[in-house]
2 protein chains.
Amino acid sequence: MSMRVYHLFSGGKDSSLAAWILSKLGYEVTLVMVTFGVLDNWKYARETAKILGFEHEVVELPRNILENAVNMCLEDGRPTRAIQYIHEMALEYIASREDVERISDGTRRDDKVPFLDIRKARSLEDRFNVAYIRPLLGLGYKTIRELVNKIFIVEERESEKIEKGDYEVELRYMLKLKGVDPLQIFPKRHVQSRVIGLKMKMMSSAGPEE
Amino acid sequence: MSMRVYHLFSGGKDSSLAAWILSKLGYEVTLVMVTFGVLDNWKYARETAKILGFEHEVVELPRNILENAVNMCLEDGRPTRAIQYIHEMALEYIASREDVERISDGTRRDDKVPFLDIRKARSLEDRFNVAYIRPLLGLGYKTIRELVNKIFIVEERESEKIEKGDYEVELRYMLKLKGVDPLQIFPKRHVQSRVIGLKMKMMSSAGPEE
């Protein structure tokens, strides 16, 4: 029985830890790096994907999703609705593929956005006939910190400076193109992380053990 | 680095699966069977604990917690508030022990009770300086079903008939002692589960792998 899960992946510590947990539970993990085709920053996520040793693929989402998100940022003066929107669209886009039975991400208990409440999570599962798995949802910051420290070598930097594979980078870039300083939309101090190495072997118990 | 977690355990499929996940993440699991000292039904949970191969201990909670819960059942005509109350008291009782740094349970995304919302979960962690881990919180019913089917042999029966180690059994018994039919308080059709065997080796990757 193959248990393939398609996991939204940015190269950060949360989505990396979630992928590691999935593999420990016996899932075959495909890391999905999302792009709108504007920048090639997904390549940073690919570097991390190679370090982790999981299968990975790039999925290009329709450009109009990014344009809608930019407009939400401009309307709201903050990025929360836009980020929530992109995340939901990305999950739906992957879930709608015929070969996909399971999707997952690295969202946490303590995340404000992106986050699907129970109604949205069930709706996603029902509309696309998939299982939606969030390995970090039941974990607080202490637990995530101790697991990350056990497994990964992490680089942490300000959002503006880190080279990372998530869609926030393209969103900031598009705002700049429109003449808007992203620092007027995004919080000024917002530390992002990227996994750059492993402290322990990843795949030692990934497969089924029957 | 020892990562010991004290896990509320009934012998059912949810708390068994949660314990299995914790061991896969490298935690050393102690299964905690709760009793009020009224019945010895915790022995059924101990049978399952032995099958799973984890350390386990019995914790006797103060009898007045059970008495309060019985009164809640009588006041409300349904058991939801009482079950929530017992669960919170059990978590706090274990969390308050000096040797305990991590507690966990098998509560799920789709559970109504017992369930700690984010405010209560954080409050529990802060007041007792513990990490509260819920491995099943980010999993829907499909994912729980496929993992349980992969790992466990499960017996499923009506609540009234199953011999199980959770505190509902003592709550039902105390209601009967007061001359109240538990079927007037608890839902009539309510299937409970108990893990009675393993399909695959449990502890193959339990320890740290450095």
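**A buried serine, a two-fold pair and some salt bridges**

B:Ser104 counts as buried, since its relative accessibility is 0% (buried means under 20% relative accessible area, exposed over 50%, and partly exposed in between, using a 1.4 Å probe and protein chains only). This is a predicted model, so local features need pLDDT of at least 70 and side-chain atom pairs count only at pLDDT 80 or more, while totals for chains, interfaces and linings use all residues. Residues are numbered from 1 along each chain as its sequence is written, chains are lettered from A and ligands numbered from 1 in the order in which they are written, and side-chain values use heavy atoms, with hydrogens and water left out.

Back to the serine. B:Ser104 sits in strand β4 of chain B, residues 102-104 (strands are DSSP runs of E with at least two residues, helices are runs of H or I with at least four, and both are numbered from the N terminus). Its side chain makes a polar contact of 2.7 Å with that of B:His7; the term covers a pair of N or O atoms within 3.5 Å where, within protein, one must be able to donate a hydrogen and the other to accept it, and residues adjacent in sequence count only if both atoms are side-chain atoms. With neighbours within four places in sequence set aside, the residues in contact with B:Ser104 include B:Val5, B:Leu22 and B:Tyr132 (contact means heavy atoms within 4.5 Å).

Now for the two chains. Chain B lands on chain A after a rotation of 180° with 0.0 Å of shift along the axis, at an RMSD of 0.0 Å. That is how a two-fold axis relates its copies. The superposition is by least squares on the C-alpha atoms of residues with pLDDT of at least 70 in both copies. The copies meet through the same surface, because 100% of the interface residues of chain B are also interface residues in chain A.

Salt bridges turn up too: 38 over all chains, each being a side-chain nitrogen of Lys or Arg within 4 Å of a carboxyl oxygen of Asp or Glu. One of them joins B:Arg102 to A:Glu146, with the closest N and O atoms 2.8 Å apart. This pair crosses between chains, running from strand β4 of chain B to helix α6 (residues 141-151) of chain A, and both residues are buried. In chain A, the side chains of A:Glu75 and A:Arg81 pair up at 3.1 Å, N to O. Here A:Glu75 is exposed at 62%, whereas A:Arg81 is partly exposed at 37%.
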